[in-house]
Amino acid sequence: MELLTDVTVFKHRLWGFEYADRMEEWFNGLKQAPIRIDAELHTRCNLNCRMCGRRDSNYEKLTEEQRKNIELSAKKWIKIAEESGKMGVRTWNISGLCEPLVKPEVLFPTMKMIKAYNMFGELTTNGSLWNENFVKDTVEMGWNSVCISIDSADPKIHNYLRGAEGVFKKATRTLKMFSDLKKKFEVELPVLTINVVLNKLNYQKLDEIIDMCYNLGGDAVFVEPIVIFGKEGEELKMSEKEIDKFQNHLKEVKEKSENYGIVLDVTAVAPGKAFSGEKRFDESLIRKTGNIKDLLISEAKNYSDRILSIPCYYPWFFLMIRGDGNIIHCGEWKEKEENIRNKNLGEVWFGETFSNIRESFTRGDLSDFCERCRPNVIEDTRIVRKSIMEFRNIDFLRRKYIEFLEENKRVKQELYRLKREGIENGRCVNCIYKKEIEKFKNSLTFKTFSKFWNTPIEKKLKKVLNV
Ligand SMILES: C[S@@+](CC[C@H](N)C(=O)[O-])C[C@H]1O[C@@H](n2cnc3c(N)ncnc32)[C@H](O)[C@@H]1O
Ligand code: SF4
Ligand code: SF4
């Protein structure tokens with residue numbers, strides 16, 4: 001039996017449909033909420049990591065007085081979360097250039113409101129400021145995903161990268177507190193991911209991070225190549241030779257993660273050189289090193305349809321709220337921004353600034369800043385376009401939907417069977433699918449899969465497909 005285990009593929013499938021649906025609705029005159037909100041709750045951090053983009057921002061230079069003046073209050077964040085739930089936002093990602101736990105009085109009530117509207121909640125943290133109560137609160141509210149940044153299984157390297165002694169111990173302790181409590185409460189959420197910033201000091205020992213993840217009870221390892229900000233980041237950059245070596249190491253790492261049932265996701269690297277295990281950029285991207293804007297525009301020009309010919313879909317789906325209340329659709333955008341301090345979410349999202357951006361993108365124009373766009377946007381754009389085309393193809397949709405139903409049924413049956421006959425202490429024994437089932441149960445796919453049911457998109461699909 002083949003189980004659906006590839007998280008990335010599944011997410012793309014699911015979100016692909018959601019994107020396609022929302023784009024069609026927008027162009028039918030029905031304004032849509034963003035799908036995802038990225039939230040930087042404030043401007044503060046207790047660390048000063050060598051590679052972090054904070055070093056490239058003015059956050060470190062702000063006085064306490066200035067911070068107080070620009071940061072949004074807990075009340076405002078809760079209101080934004082509530083409004084977003086009512087509008088139809090699907091997912092929140094709390095991260096940004098800060099450590100969310102520096103302000104628990106803002107973080108936890110906001111998270112609770114996000115969950116009150118049953119949105120998918122993800123949070124990224126350096127793991128150094130958690131206590132048992134915070135962990136318990138997070139587990140009890142059914143928060144979906146906690147990503148703890150641990151860049152090496154060697155405490156010395158992690159502490160060096162993070163610029164402080166003892167951080168490794170605290171971060172690993174937090175991960176263990178989460179997995180222990182999940183076991184105690186017999187719950188599957190939150191999914192626990194170790195986030196790794198890939199660099200010169202850790203690329204050869206990713207296998208040790210997989211061991212560590214398994215030993216601490218984590219579910220997934222997410223590896224993102226270092227984005228260079230400043231001199232310290234430059235020193236951590238991998239050479240071409242090191243990137244090649246990493247490619248080989250990755251095979252071993254993948255095998256290990258599969259054996260443990262740990263989901264491994266490695267993001268592709270900057271244009272010019274790709275080293276993801278799954279994804280490789282095509283020749284056109286490699287030749288156009290550094291100028292993603294041109295590539296996005298030239299791909300869009302292959303289509304005459306008004307939706308398919310849009311070079312970037314971010315202003316229709318994403319919203320980023322910065323620590324100073326500034327609000328925009330993508331981190332690279334440096335043109336006119338709105339501020340949400342004295343407005344509500346709807347006023348900003350449907351307001352003049354965003355409408356103008358959407359209009360200009362619909363004409364096929366992008367900003368000069370888009371030259372600095374991230375390579376994964378190319379892939380995102382292709383996925384949205386492909387999904388729109390698929391979504392318009394009823395036969396294709398019908399087939400996919402029935403496949404989904406069958407697959408879900410098979411998985412459920414298998415899990416029930418295991419429950420009946422083969423489970424000891426929550427783990428299946430003597431089972432030929434043991435590895436796959438474990439992997440699947442621990443994967444984001446499983447959670448995302450279950451989230452798919454009873455959603456407006458499912459109802460719509462059923463209606464369209466007459467199933
Ligand atoms: C900026 S941090 C904010 C959340 C939290 N303070 C933390 O460190 O996890 C968000 C994520 O970006 C990662 N990160 C930091 N600097 C990076 C860089 N130069 N390139 C890629 N990822 C980076 C962090 O490790 C973390 O997983
Ligand atoms: S803890 Fe996170 S936000 Fe703070 S400096 Fe490190 S990477 Fe940046
Ligand atoms: S920088 Fe990239 S993601 Fe942002 S608006 Fe431009 S093309 Fe879109």
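**Exercise 1.** Which strands each supply at least two residues of the shell around ligand 1?

*Solution.* Keep in mind from the start that this is a predicted model. Begin with the residues around ligand 1, of which there are 18, with Met51, Asn126, Ser149, Asn195 and Val227 coming nearest. Then turn to the strands: E3 (120-125) and E5 each give at least two residues to this shell. Finally, sort the shell by class, which yields eight nonpolar, eight polar and two charged residues.

**Exercise 2.** In which sense do strands E5 and E6 pair, and over how many bridges?

*Solution.* First locate the two strands, E5 at residues 191-198 and E6 at residues 220-225, and note that their pairing is parallel and runs over six bridges. As an example of one such contact, take Ile194, whose bridge partner in E6 is Val221. Next, add helix H8 (residues 206-216), which together with E5 and E6 makes a β-α-β unit that is right-handed. Then follow E6 to its pairing with strand E7 (residues 263-266), which is also in the parallel sense, over four bridges. Here Val223 is found opposite Val266 of E7.

**Exercise 3.** How many residues of the shell around ligand 2 are nonpolar, how many polar and how many charged?

*Solution.* Start by listing the residues around ligand 2, which are Cys45, Leu47, Asn48, Cys49, Cys52, Arg54, Leu97, Cys98, Glu99 and Asn126. Dividing this shell by class then gives six nonpolar, two polar and two charged residues. As a last step, look for Asn126 in both shells: Asn126 is among the residues around ligand 2, and Asn126 is also one of those that come nearest to ligand 1.

How values were computed. Residues numbered from 1 in each chain as written. Chains lettered and ligands numbered in written order. Predicted model: local features only at pLDDT ≥ 70, side-chain atom pairs only at ≥ 80, totals over all residues. Near = placed C-beta within 6 Å. Nonpolar A, V, L, I, M, F, W, Y, C, P; charged D, E, K, R; others polar. Pairing = 2+ DSSP bridges. Right-handed = clockwise from strand over helix to strand, strands pointing away.
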